[in-house]
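Open the model in your viewer and keep the sequence panel beside it. We will go from stop to stop, with something to select at each one.

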Amino acid sequence: MLESLTIRNYAIIDEMTAGFTDGLNVITGETGAGKSIVVDALELVLGARADTAMIRAGEPVLDVSAVFSCDRTVLEGISGFTEDESTIILRREVRADGNNRCYVNDRPVTLRMLKEVGDRLVDFHGQHDHQSLLVVSEHAGYLDGYGRLTDCAEDVRR
């Protein structure tokens, strides 16, 4: 579970920390309030592509960190980490000179490793994910799945 997200020098955000609790957490606000920036910052700390244009004007570095409490097995199989870590802190720095630094529990890691850990912690769904329902070529697959006919459909295809 995401416990907190701290953002420094990202776009229009000077510094902010958002705390999250068990259950449903909702980010609301008027158009232009910065909701998308908060989501983009979370994606960044999870390993999304970085761009120096994200750095707040006049600042040398942006920094995003996220604290997660999670099942101890999240880091299982990732080199250099033990299974007994139930709090995971991800941090990402993007510098104006183009350098990136990534950390998991204050240990330097590669962007690939940060993304691997991030993928295990968060699953993003956007507001337009449902639009695949409008793709006519996918309709038969949905119906076959709903009717539990996937195996039959495969037999017919063969």
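Before the first selection, one term: two strands pair if DSSP finds at least two bridges between them. The model on your screen is a predicted one.

**Stop 1: β4 and β5**

Select β4 (87-95) and β5 (100-104). These strands run antiparallel, joined by five bridges. Click E93, and then find its bridge partner in β5, which is R101. Now follow the hairpin between β4 and β5, where four residues separate the strands. Stop at G98 in this hairpin, since its phi is positive, near 95 degrees.

**Stop 2: β3 beside β4**

Add β3 (61-69) to the selection. Nine bridges hold the pairing of β3 and β4, again in the antiparallel sense. Which residue of β4 stands opposite S65? It is R91.

Stay with S65, which lies in strand β3. Is S65 buried or exposed? Its relative accessible area is 13%, and buried means under 20%, so S65 counts as buried. To see what surrounds S65, show its contacts S4, L5, T6, V45, L90 and R91, a list that leaves out residues up to four places away in sequence. R91 therefore turns up twice at this stop, as the residue opposite S65 and as one of its contacts, with S65 itself buried.

**Stop 3: the largest nonpolar core**

Next, colour Y10, V64, I88 and L90: among the 34 residues of the largest nonpolar core, these touch the most other members. Elements that give two or more residues to this core include β1 (2-10), β2 (13-19) and α2 (111-121), along with the three strands you already have selected. The biggest contributor is α1 (35-45), with six residues.

Zoom in on I88. Beyond four places in sequence, I88 touches A66, V67, F68, C70, V74, L75, V104, N105, V117 and L121.

**Stop 4: the largest pocket**

Finally, switch on a surface. Rolling a probe the size of a water molecule over the atoms shows where empty space is left. The largest pocket has a volume of about 740 Å³. To find its centre, select I27, V39, L42, F124 and H125, the closest to it of the 23 lining residues. Which element gives the most to this lining? It is α1, with six residues; β1 is another that supplies at least two. Colour the lining by class to see 13 nonpolar, seven polar and three charged residues.

Methods
Residues numbered from 1 in each chain as written. Predicted model: local features only at pLDDT ≥ 70, side-chain atom pairs only at ≥ 80, totals over all residues. Heavy atoms only, no water. Core = buried A, V, L, I, M, F, W, Y, C linked by side-chain atoms within 4.5 Å. Buried < 20%, exposed > 50% of the residue type's maximum accessible area, 1.4 Å probe, protein only. Contact = heavy atoms within 4.5 Å. 1 Å grid on protein atoms, 1.4 Å probe; cavity = no way out; pocket = protein on both sides within 12 Å on 5 of 7 lines; lining within 4 Å. Points joined across faces, edges and corners; volume = space filled by probe spheres on them. Nonpolar A, V, L, I, M, F, W, Y, C, P; charged D, E, K, R; others polar.
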